[in-house]
Amino acid sequence: MLIPLDWLAEYTEVAGNTATDEVAHRVMTDLTRVGLEEEDLHRRDLTGPVVVGVVKSFTTHKFGNGKVINWCQVDVGPYNPGGARNPDPAPGTVTESGYRGIICGAHNFAAGDTVVVSLPGAVLPGGFAIAARETYDHVSDGMICSARELGVGTDHAGIIVLDELGYAGLTPGQDALALLGLDQRTVELNVTPDRGYCFSMRGVAREYALAARVPFHDPVALTDLEPGDGHPVGFRDEAPIHGVPGVDRFVALEVRGIDPAAVSPLWLQRRLLDAGMRPVSLAVDVTNYTMLATGQPLHAYDRDRLAGRIEVRRARAGEKLTTLDDVVRDLDPEDLLITDVDEAGHSRVLGLAGVMGGADTEVTTTTRNVLLEAAHFDAVSVARTARRHKIPSEAARRFERGTDPAICNAAAQFAAALLVEFGGGTIVPGPTDVDRRVAPTPVELGAGTPARVVGVDYDQGDVERILTGIGAEVTRLPDGAGWSVTAPSWRPDLTHDVDLVEEIARLSGYDEIPFVVPPAQFGHGLTPAQRARRSVARALAEDGFTEVLSYPFVAADVADTLGLPADDPRRPAVRLVNPLSDEEPALRTFLLPTLLGALARNVGRGIKDLALFETGLVTVGGHRAPAPALPGGTRPADADLARLLQAVPDQPWHAAVVLAGEREPRGWWGEGRPADWTDAVEAVRRVAATTGTPVTVHAASVAPWHPGRCAEFRTGDGTVVGHAGELHPEVVARLELPARTVAGEVDLDALIARREGLVQAVPVSTFPPSWQDVALVVDEAVPAAEVESALTEGAGTLLEDIRLFDVYRSEEHLGAGKKSLAYRLTFRAPDRTLTADEASAARTAATDLAAARHGAVVRA
Amino acid sequence: MSSDTQAPGETALSPLDAEGVGAAVEAALAAIAAAGTLDALKAARLAHTGDKSPLALANRQIGRLDAAQKAAAGKLMGASRGRVKQAVAARQAELDAEALAHVLATETVDVTLPVDRRPRGARHPLEALLERIADFFVSMGWEIGEGPEVEAQWFNFDALNFGPDHPARQMQDTFYVAPEDSNLVLRTHTSPVQARSLLSRGVPLYVAVPGKVFRTDELDSTHTPVFHQIEGIAVDRGLTMAHLKGTLDRFAKAMFGESVTTRLRPAYFPFTEPSAEIDLRYTTREGENIGHNTGWIEWGGCGMVHPNVLRSAGIDPEVYQGFAFGMGVERTLLFRHGIEDMHDIVEGDVRFSQHYGMDA
């Protein structure tokens, strides 16, 4: 909300010059303290000298190009050549007359007229710098300004003639910026949705008066005009929303005999512009000005274009309306309309109540008789209509936050008075005022409630002073129990006792509230799962992986790009109604698609050796049954709550890694080692080890991995928790990733849920170990993990450790399709030194089982 | 050296000939001192202490002397041979040290060569900061809550006192989940975890919730559609706005140092009443004043939990009340580290994370 300070100062008392930054900052600080947050400070893009001048004489010259100009001698007092403010006139600027010589192309003035002159050094809006310059055979030493050139008001024919605007007694050389208010500061405030009344000078002035403890002068403290037989108005609402009638007050006030050529005064146009609205015509400007001043949106109808009585009603199916912005709109039965009904009973739609008027009855350049509408419409009804038709109008913005139903009559008078003042005409007595307002319900505020909520023991007298100050009616309850408070008509937000507590707290000042740290609680610290996730992230980072974050949005065809089969469980994705980009309308079902995006971005930035990881939530399983729509403010029934929770898709934590380029860099020490499938597998094994969940590794063929280089990880209960390996070359090509990019992903939640419980102690043997090396020849297709598992099982409890230290292939020595796996087995007993026989017996047991299960032959 | 050795058969030195023995000792010491290598020393040692050396031969004669002479001869020979042995040992130690010094000199390497064969990883500073924030609340005995990112509208809005027609519901720039009637959104704040925690944990409740949230803002230098918040909710008997101020002031000091000043400024949120925004100003370690000249820095929103929120979770607001708050974590990170562009945080460039190392 833009607040021109001179306008604010009209309704309250702002000490100091409102054309200074100092005062503007003070006002913003005061308003911020009571909850109107400062956003910005504006001043016009205009610097002087811009002064009052009197055209002493001029001569008219016609040039060959048809241009007719006036060579004017303008008295600008001390700014005249050689004057106190111009002691050293620029070359060529001294005139015979002793005044400033200025070329002017406009003709709407006469000798003796008082005008506005921009002098060299001035900068007009748009960065237009004024300088003395030679033109049309003279040195023009300044510029006589039009309203448009000063960035104020509409451009009417020619320059500003101050005499015509009613100014008198001006002195040549006087500052015209101050005279026209063009030096005023405007402060911009952020108005929160609960304070609709602050979308007006009236509301902000009231807040300022409370904040700065200065008087407030209500611009609509007018006695309501006695209603009479004005334009007939009726309400008919068969479908109130939430039981609230769409309209409960409607004032129609007529002004007859306005001069259609009349325009808004410059100061009014200037204030509209400063407040962010464009001047249009007198009638429209006046309604806008009244709305900004009072918060009451008004609509001006051309009275002569109304066909009959006004009826406020809901739309009927199929009705249409062409709004002021020339858009034809299909109306919804929930839309509240202003209609007129002619003598034949035919109903015509005039406008969307509180949102936007229609083209049929708008005021035009020929309008003489104006009917002003000042009504109070239901906030929800207006909000829905504005949203439905996407019309965020100034009127709708105010109605949907709640306007003051008490000022409809006064606001209409306020506007009518301006119309009469600047457009002539007369106010028709006896306006229509249909008033169906319901008396407000008082709120009870317990005597101890403010202290209980805020922690400050407020003085009872201060509580009453503050609540009265905001305009509430306060009556004491018996026995000092507290107060019954009727909120002022402009504060529909004050419905609970805590709303009143906020008023007391903010107007006493939040700074008065002490700092008290609550006593320490007896918590359990992080959950085991939270600790495990931290450990995983730290383990990966310490293993050389760099953590990145990626957005969860993916393309609709991401599953195709990654080559997922039709029945892949990662295919069903949750989609958004309104994605930021239509290219990425879905949410990731696993991390790799977006993590690979981050990899590609890094590669694109010239970084070749990459090991990235991300942990985060993914959304799996796609769409479910819709969540029930339930009211707030009451605990849902257990069944409803269950449906609610059931409707939210599963979102497990995942961890993923991707690698490309060299895992170990080349350097002065020698060659590097390119990242390969082993790095991805190792990373996932490390993640599993960090969580404390044993996993087994199996060969798998799962997209988007290379079918021969994909490891699957299973927990003890057989649950598949993740995959790792080299990406499928087609996926690599489609995503334009570096060749042989490798990746792994694991469901952290599933992994952590299956971690082993509290670790139980195993005694550490101090007896010496016995090392036994075995080499086993098996078929190429036998997985090493299964051989190892057979050896481990066969070796029994004396086995302390088993490590595969060599894999050897040789057609000559082993035969085709065979491989030799060499293991070192470490045996140790807890209670004695093993004999050589014991150790070799255990080794033989191990190799026997491997032979039985996998046909492993011990190499001699 | 050979001139000092005595050939076999020559007249043996008498163990009673103090002068002769002294000369033999001197000859031995000279030869030992002159030995410049371990080999030379070995030769000298053999020549002067070996079985055939004059001193050894003289020593051997002691046995043949009469008792009266034995003592004097034994004493002379013991002392003389001891001196020679000692000299050998001392010289041996000197020559060993020289040899080792030589070996070490030849093994010298350039230890300034860059050794970084195993690439270093890094945490994302935002994640590191989230952990740090969680640690702060855990230190006060709070617990760390969690909730889903795709969330039911009831939790995101209705339970938080945003009615279906509430203007603030439209202000949130919400991502809606398809289909239109799913009644799901991407959570616009971490506040839905307020209702979830109240329902699942009950009261008294002290929970902080770090998490990802979503708004339909295009990415620019100060906005990102996906960002993080830290939510806090405390509900107990007797909690007031003073406790809110105390908690947030400590939190701010934990994040920005003891120089932080905080203030609450009246604001509006449907789910708190009274509501406030918390502003900061502080001095960085480098002495830079943040929020002093340019106005206060907005850090987040807060307030006393609205009675309707408690009612939504079946909790009696006449008995329990509490406070809640929500801060932008990106904002906190930006202020703490002087980061100027949000792009760096969200684009996944490894150089950004690596700059911060393991902690933030």
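Two strands are taken to pair if DSSP finds at least two bridges between them. Strands themselves (E, at least two residues) and helices (H or I, at least four) are DSSP runs, numbered from the N terminus.

The model is predicted: local features need pLDDT of at least 70, side-chain atom pairs count only at pLDDT 80 or more, and totals for chains, interfaces and linings use all residues. Residues are numbered from 1 along each chain as its sequence is written, chains are lettered from A and ligands numbered from 1 in the order in which they are written, and side-chain values use heavy atoms, with hydrogens and water left out.

**Chain A: strands E25, E26 and E27**

Select A:Glu444 to begin; its bridge partner in E27(A) is A:Ser484. Next, display the whole of strand E25 (residues 443–446) and strand E27 (residues 482–486) of chain A, which pair in the antiparallel sense over 4 bridges. A further bridge partner to mark is A:Gly482 in E27(A), which belongs to A:Gly446.

Now inspect the side chains of E25(A). In a regular strand the side chains alternate between the two faces of the sheet. Here A:Val443 and A:Leu445 point to one face and are buried, while A:Glu444 and A:Gly446 point to the other and are not. Buried means under 20% relative accessible area, exposed over 50%, and partly exposed in between, with a 1.4 Å probe and protein chains only. In E27(A), 5 of the 5 residues are buried, so this strand is largely enclosed by the rest of the structure.

Add strand E26 (residues 473–476) of chain A, which pairs with E27(A) in the antiparallel sense over 4 bridges. A:Arg476 stands opposite A:Trp483 in E27(A). The hairpin of E26(A) and E27(A) has 5 residues between the strands, and in it A:Asp479 takes a positive phi near 60°.

**Chain A: two open sheets**

Select the 5 strands E5-E4-E3-E6-E11 of chain A, given in their order in an open sheet with antiparallel pairing. Its edge strands, each pairing on one side only, are strand E5 (100–104) and strand E11 (143–144). Strand E4 (residues 68–75) is joined to E5(A) by 5 bridges, and the two run antiparallel. At this junction, A:Val74 stands opposite A:Arg100 in E5(A).

Move to the open sheet of 7 strands in chain A, whose order is E28-E31-E32-E38-E37-E36-E35 and whose pairing is mixed. Strand E28 (546–547) and strand E35 (695–700) are the edge strands, each of which pairs on one side only. E28(A) pairs with strand E31 (residues 610–617) in the parallel sense over 2 bridges. The bridge partner of A:Glu547 in E31(A) is A:Phe613.

**Chain A: a loop residue**

Centre on A:Asp568, in the loop between helix H14 (558–561) and strand E30 (586–587) of chain A. At 9% relative accessibility, A:Asp568 counts as buried. Its side chain reaches the backbone nitrogen of A:Arg570 at 2.7 Å.

**Chain B: helix H1**

Select helix H1 (residues 18–34) of chain B. Its 17 residues should span 24 Å at 1.5 Å a residue, and the end C-alpha atoms are 24 Å apart, which agrees. The expected span is 1.5 Å times one less than the number of residues.

Colour B:Gly20, B:Val21, B:Ala24, B:Val25, B:Ala28, B:Ala31 and B:Ile32, which are buried in H1(B). They cover an arc of only 140° around the axis, which puts them on the same side of H1(B); the arc is that of the directions from the helix axis to the C-beta atoms. On the other side of H1(B), B:Glu19, B:Ala33 and B:Ala34 are exposed. What covers the buried residues includes helix H2 (38–49), helix H3 (54–60) and helix H4 (67–106) of chain B.

**Chain B: an exposed loop residue**

Go to B:Glu286, in the loop between strand E7 (272–283) and strand E8 (289–290) of chain B. B:Glu286 is exposed, with a relative accessible area of 70%. From B:Glu286 to B:Phe271 the separation is 15 residues in sequence and 39 Å in space, C-alpha to C-alpha.

**Last stop: B:Phe251**

Finish on B:Phe251. Leaving aside neighbours within four places in sequence, B:Phe251 is in contact with B:Ile133, B:Phe136, B:Phe137, B:Ile230, B:Trp299 and B:Met327, where contact means heavy atoms within 4.5 Å.

Technical notes:
Polar contact = N/O pair within 3.5 Å; in protein donor to acceptor, adjacent residues only side chain to side chain.
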